[in-house]
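Trainee: I'd like to learn how to read a predicted model feature by feature. Please start with the vocabulary and then show me the real thing.

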Amino acid sequence: METDKDHVTNAQSEYKTVTGKTHLSVVERYYKPKYILDCQANEDEDLCILTHSNRICIITLASTHPVVRDQKTIKQISFKVGGIDRLNNKVSGKGKRGAQELNAGSPICKIACVDGEEFTVYSGIKGQLIEVNECLIQNPNLILKKVSFLEQ
């Protein structure tokens, strides 16, 4: 005779075998990747822009960017570019007042690698800067972490 406890355990194992895969991440479910190759005519400095249906975009490095491809060790990421400090972005209200305006060629940050190479990351799209990932200041190698569906 099957007890209630056995029934719950069997139902859970059946669910795992029927679905056969893990849950998708938020990024995989709601964002569509779009790629910009050779951003600002810099060879292989490709960007991946994750776009949501609400028009919010997340700018990341593509897996073909030299920093990610070669798994470079990053010394520092600086958000002070072109006389503007991207960290001083003060956004308020529903209309995101105070957001910094970006064009496709606007620099967002500079990546300094241990081997002496420097890379400038550009926005790639026109829009407003709402927020930067401040965790990159304390741990710059977070930029190398990949989203699973971008690895394909």
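Mentor: Helices (H or I, at least four residues) and strands (E, at least two) are DSSP runs, numbered from the N terminus. Here that gives 4 helices and 10 strands, in the order α-α-β-β-β-α-β-β-β-β-β-β-β-α along the sequence. Residue numbers start from 1 along each chain as its sequence is written, and side-chain values use heavy atoms, with hydrogens and water left out. This is a predicted model, so local features need pLDDT of at least 70 and side-chain atom pairs count only at pLDDT 80 or more, while totals for chains, interfaces and linings use all residues.

Trainee: Which elements line the largest pocket?

Mentor: On a 1 Å grid over the protein atoms alone, a pocket is an open set of points where a 1.4 Å probe fits, with protein on both sides within 12 Å along at least five of seven lines; lining residues have an atom within 4 Å of a point. The largest pocket has 39 lining residues, and C57, I58, I59, T60 and E131 lie nearest its centre. Two or more lining residues come from each of β3 (57–61), β8 and β10 (127–129). Strand β3 gives the largest share, 5 residues.

Trainee: β8 is on that list. How many of its residues are buried?

Mentor: Buried means under 20% relative accessible area, exposed over 50%, and partly exposed in between (1.4 Å probe, protein chains only). In β8 (residues 107–113), 5 of the 7 residues are buried. C109 is one to look at: its relative accessible area is 5%, so C109 is buried. C135, at 46%, is partly exposed. Across the 152 residues of the protein, 30% count as buried.

Trainee: Which strands pair with β8?

Mentor: Two strands pair if DSSP finds at least two bridges between them. β8 runs antiparallel to β4 (residues 74–78), with 4 bridges joining them, and I111 of β8 is the bridge partner of I77. With β9 (residues 118–122), β8 shares 5 bridges, also antiparallel, and there C109 stands opposite V121. The β8–β9 hairpin has 4 residues between the strands, and its G116 takes a positive phi near 95°.

Trainee: Where do positive phi values turn up outside glycine?

Mentor: Most residues other than glycine have a negative phi. D44 has a positive phi of about 70° and sits in the loop between β1 (32–36) and β2 (47–51). K96, with phi near 55°, is in the loop between β6 (84–85) and β7 (100–102). D44 has 30% relative accessible area, so it is partly exposed, and K96 counts as partly exposed at 36%.

Trainee: And which residues have the most contacts inside the largest nonpolar core?

Mentor: In soluble globular proteins, nonpolar side chains tend to be buried together. A nonpolar core is a set of buried Ala, Val, Leu, Ile, Met, Phe, Trp, Tyr and Cys residues joined through side-chain atoms within 4.5 Å. The largest one has 21 residues, and L61, V67, I74, I77, C109, I111 and I143 have the most contacts inside it. α3 (66–69), β4, β8 and β9 each give this core two or more residues; the largest share, 4 residues, is from β8.

Trainee: What does I77 touch?

Mentor: Contact means heavy atoms within 4.5 Å. Leaving out residues up to four places away in sequence, I77 touches C109, K110, I111, L136, P140 and I143.
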